[in-house]
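Got the viewer open? Here's a short tour, with something to select at each stop.

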Amino acid sequence: MEERGSPDGDPARNLEQGPEGPETPIQVVLRVRPMSAAELRRGEQSALHCSGTRTLQVSPPGGGPDVAFRFGAVLDGTRTQEDVFRASGVRRLGELALRGFSCTVFTFGQTGSGKTYTLTGPPPQGEGVPVPPSLAGIMQRTFAWLLDRVQHLGAPVTLHASYLEIYNEQVRDLLSLGSPRPLPVRWNKTRGFYVEQLRVVEFGNLEALMELLQMGLSRRRSSAHTLNQASSRSHALLTLYISHQTPQQMPLVDPGEPPAGGKLCFVDLAGSEKVAATGSRGELMLEANSINRSLLALGHCISLLLDPQRKQSHIPFRDSKLTKLLADSLGGRGVTLMVACVSPSAQCLPETLSTLRYASRAQRVTTRPQGPKSPLAKPPLCLETELLQLREENCRLRSQLGQMDPKASSLAGARVAWAQRNLYGMLQEFMLENERLRKEKRQLQSSRDLARDEQRVLAQQVHELERRLLSACYLHQPGSGPAPPCPCVMTPPPPCHALPPLCSCSCCHLCPLCRAPLAHWACPQRELHIPQMFVSKAPGDVPLSARPPPWAPPCSPGSAKCSRERSHSDWTQTRVLAEMLTKEEVIPSAPPLPAGPLNTSPVPRGGAAVPNLARRLEALRDQIGSSLRRGRSQPPLSEGTRSPSRVLPPC
Ligand SMILES: Nc1ncnc2c1ncn2[C@@H]1O[C@H](COP(=O)(O)OP(=O)(O)OP(=O)(O)O)[C@@H](O)[C@H]1O
């Protein structure tokens, strides 16, 4: 059994792809009408058998292998109009049209196969005899569904309709106010092919739309021939335009131009026919030829659309009015559903096979559905959902606002008060902290001053001890005679402040010129009198004489005012100290040093100089004690013993 391919699944499953989604194949549904009374009378056999819901088997009457065709859905003669409406997936197309897509449903098949019946139901049986609702076709059912859907959207939707036929290759307006006259088919970039001056009628309810449909059906050309007593002689296109704008919001358009939005177009093609079979003559034959030509052009376009390379180039949509008006549905941005109709009779098998092949090709044609571009033409379902959400949120916020308003205001007041309190608190904190810092600064300053005083006293002690040490060393040097005369007595007085201060002569304590008290470090010869052991131990290996007194202001870098070049005012600052040095005993007045080894880190409060001086003082005391002891016993000094006498030059 041969099987021709077709896409699987629901015919509308790929339709909802969103704006500019992937390529979507044309969906094809096959309907097999029941045997007509005439066919049954003639005793014709059925050549078609439905196998499942999607496969049709064709059994040639003369024998031979069965041929199977697979479509999105296959509906046999037992299926009702409602079954066809539901199974075709046309409601999905309606949804897409509501969301702004351009959708097309068209029927295709040989004459008398049931195309018009499928779309619009049977013709009225007489003047004023209504068609039973159960026989209503896809169009009426879709209209009813759509109007109901629009009513429940809760958003303004404006509906328009146009209805035209292509008869003998002329476009005629079936809703025109006067007698139908031929209308030109134009093309522009935005609209593609369109019918100029086509009447587009707004309708507000189902009844109005049904009236438009009946009006068009009644004006559509039909004739009787052998195969169909009410054969349509034209292709008919009824288009619904769905806009989510009120008429006031709609931008002005050219007369006849439909409003922007979704589209749902129903195309009832005239049936192909073999003139020989229908026995058409005259006008009927002309009509048949025109119908066949346009269907041939349609089939040619579909065949070319199947070729991906040709699809990119030229498709001869201009070959007929029908292909022009279906161009967008077949190869463009539309969503398309094809309902292929066939007769089950074996007598119609050649045309049936032609239709089946035609439909098989069509379902391999793809389009690229494109959603609305304008934000105004937003899909209604999104709008509906969004509107509902916004309303709910609005209600919720309103109720919350109503409940929370007094609380919110009191909360805001509390926050402001808290913030203010907090600011004041922060200010108070800062003020208190500043006060604390000021107090601490004062304490630190007084501590610093105290440390400086201690430094000063310690330095005095050191120098006094150095002096006493030097004297003791000199006096108790073994074999030393009487003390040498004071240089200041022996030599003429050098310029002011040049006298050595370390001799026992009282004049050494006063400047012989200005009579200002002198300190021993004022003597430029001092290095000659001080044991080098002390000098060399000075911090930084700087000669003691070269170092300024600890309380002296630091010598600024680059300044020429070094310790040897001090001005008179510098020396006068030492008056108090010089006086102190004249006393016999200097009692340390510094507070006790921190416990621990002498080489421990100095405490930060007094600076680094205080412990250094204390260490030096301690060392000096030791030196003085040992020197005095040696002087009393006068033992000979052993080699290598560090003695001031070894390094102290004679005065
Ligand atoms: N499914 C069906 N059930 C019952 N009767 C049907 C069915 N389909 C078609 N018919 C009847 O078959 C006849 C032909 O149908 P219809 O006019 O719809 O064919 P058609 O394809 O439109 O033909 P044409 O192309 O010539 O217009 C009509 O009398 C119609 O009532």
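Before the first stop, a word on helix axes: each one is a line fitted to C-alpha atoms over the stretch in contact, and angles run from 0 to 180 degrees between N-to-C directions. Keep in mind too that this is a predicted model.

**Stop 1: α3 and α5**

Select residues 90-98, which make up helix α3, and residues 138-151, which make up helix α5. These two helices pack with their axes 10 Å apart, at an angle of about 45 degrees. Angles that are neither under 35 degrees, nor over 145, nor 65 to 115 count as oblique, so α3 is oblique to α5. The crossing of this pair, α3 and α5, is right-handed.

**Stop 2: α5 and α6**

Keep α5 selected and add residues 206-219, helix α6. What angle do the axes of α5 and α6 cross at? It's roughly 155 degrees, and the axes come within 10 Å. That angle is why α5 counts as roughly antiparallel to α6. The crossing of α5 and α6 is right-handed.

**Stop 3: α8 and α11**

Clear that and pick residues 283-306 for helix α8, plus residues 349-362 for helix α11. Their axes sit 9 Å apart, and the helices pack at an angle of about 40 degrees. So α8 is oblique to α11. Left-handed or right-handed: which is the crossing of α8 and α11? This crossing is left-handed.

**Stop 4: the ligand**

Now select the ligand and show what surrounds it: 16 residues, the closest being Thr111, Gly112, Lys115, Tyr117 and Ser231. By type, that shell divides into three nonpolar residues, 10 polar and three charged.

Next, turn on backbone atoms and look at the ligand's oxygen atoms. Gly112 puts a backbone N or O atom 2.8 Å from a ligand oxygen. For Ser113, a backbone N or O atom lies 3.2 Å from an oxygen atom of the ligand. At Tyr117, a polar backbone atom is 2.8 Å from a ligand oxygen. If you switch to a surface view, bear in mind that the ligand taken alone exposes 620 Å², and the protein buries 79% of that.

Last selection: α4 (115-120) and β16 (231-232), the elements that give two or more residues to the shell around the ligand. Which of the elements gives the most to that shell? It's α4, with three residues.

Key. Residues numbered from 1 in each chain as written. Predicted model: local features only at pLDDT ≥ 70, side-chain atom pairs only at ≥ 80, totals over all residues. Heavy atoms only, no water. Near = heavy atom within 4 Å. Polar contact = N/O pair within 3.5 Å; in protein donor to acceptor, adjacent residues only side chain to side chain. Areas by Shrake-Rupley, 256 points an atom, 1.4 Å probe, with all protein chains shown as cover. Helix = DSSP H or I, 4+ residues; strand = E, 2+ residues; numbered from the N terminus. Nonpolar A, V, L, I, M, F, W, Y, C, P; charged D, E, K, R; others polar. Left-handed = near helix turned anticlockwise from the far one by under 90°.
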